[in-house]
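Please open the model in your viewer and keep the sequence panel beside it, since each stop on this tour asks you to select something and then look at what lies around it.

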Amino acid sequence: MICPRKFNPLTGIQNFLPESNEIELISDESCSTDEFSKVFSTPKYKIHGSEKEALTAVQMALKMKDSMKFEKAKKLFEHALVLQPLHPEVLNHYAEFLEENGNDVITADHFYVKTLIICPNHSRALVNRRRTMPLVEIMDKQELDRIDRKRADLMNLNLNRSSMKRIKKEVYFLHIHHTLAIEGNTMSLAQTRTVVETKTVVPGKSITEHNEILGLESALRYMNKTFSNHSETLTVLDILEIHKRVLGHVDPLSAGMFRSSQVFVGDLYSTSSFRSGISY
């Protein structure tokens with residue numbers, strides 16, 4: 001059904017969105033409104049828009065998809081996801097779109113899992129997850145096999161050649177740079193190399209960023225010296241020794257010690273926290 005065009009006299013722009021009574025999303029009754037409210041009330045996952053607007057955007061996205069207008073559908077799904085990032089219907093419908101029209105099974109599987117974390121009894125997400133899980137496992141195995149083949153090829157190379165020594169040195173700097181960049185360090189590759197090789201200060205960069213580079217480089221030197229010919233299994237003490245060097249310049253009091261408090265990474269969260277309404 002094509003949505004009739006409505007005219008807004010204040011803006012002079014035609015409104016293509018349907019009225020609220022035209023929205024007929026398939027919802028899963030096994031997830032109660034109370035359970036949703038506990039999830040959406042957590043400050044860490046503050047909702048940036050109304051549920052009604054998000055569901056309207058999803059409905060329009062489904063119509064765009066049926067009309068083969070996939071680019072518009074994708075934008076509408078993404079808009080709904082910004083408004084309601086934890087709504088099971090938004091997550092599940094967007095995942096189905098990615099799987100069917102974007103051929104992105106891995107991302108779709110991620111959203112199915114996220115839907116089931118929020119609403120474990122969501123029937124459509126359960127069916128979808130059963131379908132994508134074996135596909136993702138096959139893709140993961142293929143990728144791991146490819147990495148294993150590349151590793152085997154690398155081990156067969158002559159590491160004593162001058163070209164290989166140069167490559168190893170460049171990879172060493174790249175490893176330090178990218179490892180710290182993931183954690184938010186703003187040093188460029190050239191600046192990282194300068195700090196490692198000359199131990200000089202880079203103007204405009206914080207002391208913490210310098211210390212992160214020095215700490216990681218110290219840990220790598222320790223590992224190369226201690227474990228290069230190490231045939232025994234690594235112990236917890238070995239890992240703590242590495243950790244002591246990584247954080248030794250940044251946070252000496254915590255370096256080489258286990259945390260005594262719970263921490264969370266990015267958007268990861270536990271199911272029990274949602275069900276109990278605990279906010280982080």
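## First stop: a proline in a helix

Select Pro88, which has its place in helix H4, and keep in mind while you look that this is a predicted model. Is Pro88 buried or exposed? Pro88 counts as buried because its relative accessible area is 1%, and the cut-off for buried is under 20%. Now add Thr115 to the selection: this residue and Pro88 are 27 residues apart in sequence, yet their C-alpha atoms are 5.0 Å apart in space.

## Stepping back to the whole chain

Colour the chain by secondary structure, and you should find 11 helices and two strands. If you follow the chain along its sequence, the pattern reads β-β-α-α-α-α-α-α-α-α-α-α-α. Of the 280 residues in the chain, 33% count as buried. Among contacts with a separation of 6 or more, 53% join residues that are 24 or more positions apart.

## The nonpolar cores

Next, select Phe77, Val90, Tyr94 and Phe111, which are the residues with the most contacts inside the largest nonpolar core, a group of 24 residues. The elements that give two or more residues to this core are helix H2 (51-66), helix H3 (70-83), helix H4 (88-101) and helix H5 (105-118), and the largest share, eight residues, comes from H2.

Stay with Val90 for a moment and show its neighbours: which residues does Val90 touch, not counting those up to four places away in sequence? With that limit, Val90 touches Ala54, Leu55, Val58, Ala80, Leu81 and Gln84. A second, separate core has 10 residues, including Phe173, Met187, Val196 and Leu220, which you can select next.

## Two helix pairs

Two packed helices are described by the angle between their axes and the distance between the axes. Show H3 and H4 together, and you will see them pack at an angle of about 150 degrees, with their axes 10 Å apart. H3 is therefore roughly antiparallel to H4, a term that applies to angles over 145 degrees. H3 also passes H4 in a left-handed crossing. To see the contact itself, select Phe70, Ala73, Lys74, Phe77, Glu78, Ala80 and Leu81 of H3, together with Val90, Leu91, His93, Tyr94, Phe97 and Asn101 of H4. Sorted by class, this contact has nine nonpolar, two polar and two charged residues.

Move on to helix H9 (residues 207-227) and helix H10 (residues 236-247), whose axes come within 7 Å and cross at roughly 145 degrees. Here Gly215, Leu216, Ser218, Ala219, Tyr222, Met223 and Phe227 in H9 meet Asp238, Glu241, Ile242, Arg245 and Val246 in H10. By class, the contact of H9 with H10 has seven nonpolar, two polar and three charged residues.

## Last stop: two loop residues

Most residues other than glycine have a negative phi. Select Met68 in the loop between H2 and H3, and check its phi, which is near 70 degrees and thus positive in a residue other than glycine. Met68 counts as exposed because its relative accessibility is 59%, and the cut-off for exposed is over 50%.

Finally, select Lys199, which is found in the loop between helix H8 (189-198) and H9. Lys199 has a positive phi of about 60 degrees, although it is not a glycine. With a relative accessible area of 49%, Lys199 is partly exposed.

Note on methods:
Residues are numbered from 1 along each chain as its sequence is written. This is a predicted model: local features need pLDDT of at least 70, side-chain atom pairs count only at pLDDT 80 or more; totals for chains, interfaces and linings use all residues. Side-chain values use heavy atoms; hydrogens and water are left out. A nonpolar core is a set of buried Ala, Val, Leu, Ile, Met, Phe, Trp, Tyr and Cys residues joined through side-chain atoms within 4.5 Å. Buried means under 20% relative accessible area, exposed over 50%, partly exposed in between (1.4 Å probe, protein chains only). Helices (H or I, at least four residues) and strands (E, at least two) are DSSP runs, numbered from the N terminus. Contact means heavy atoms within 4.5 Å. Axes are lines fitted to C-alpha atoms, for helices over the stretch in contact, and angles run from 0 to 180 degrees between N-to-C directions. Angles under 35 degrees count as roughly parallel, over 145 as roughly antiparallel, 65 to 115 as roughly perpendicular and the rest as oblique. A crossing is left-handed if the near helix is turned anticlockwise from the far one by less than a right angle, and right-handed if clockwise. Ala, Val, Leu, Ile, Met, Phe, Trp, Tyr, Cys and Pro count as nonpolar, Asp, Glu, Lys and Arg as charged, and the others, Gly among them, as polar.
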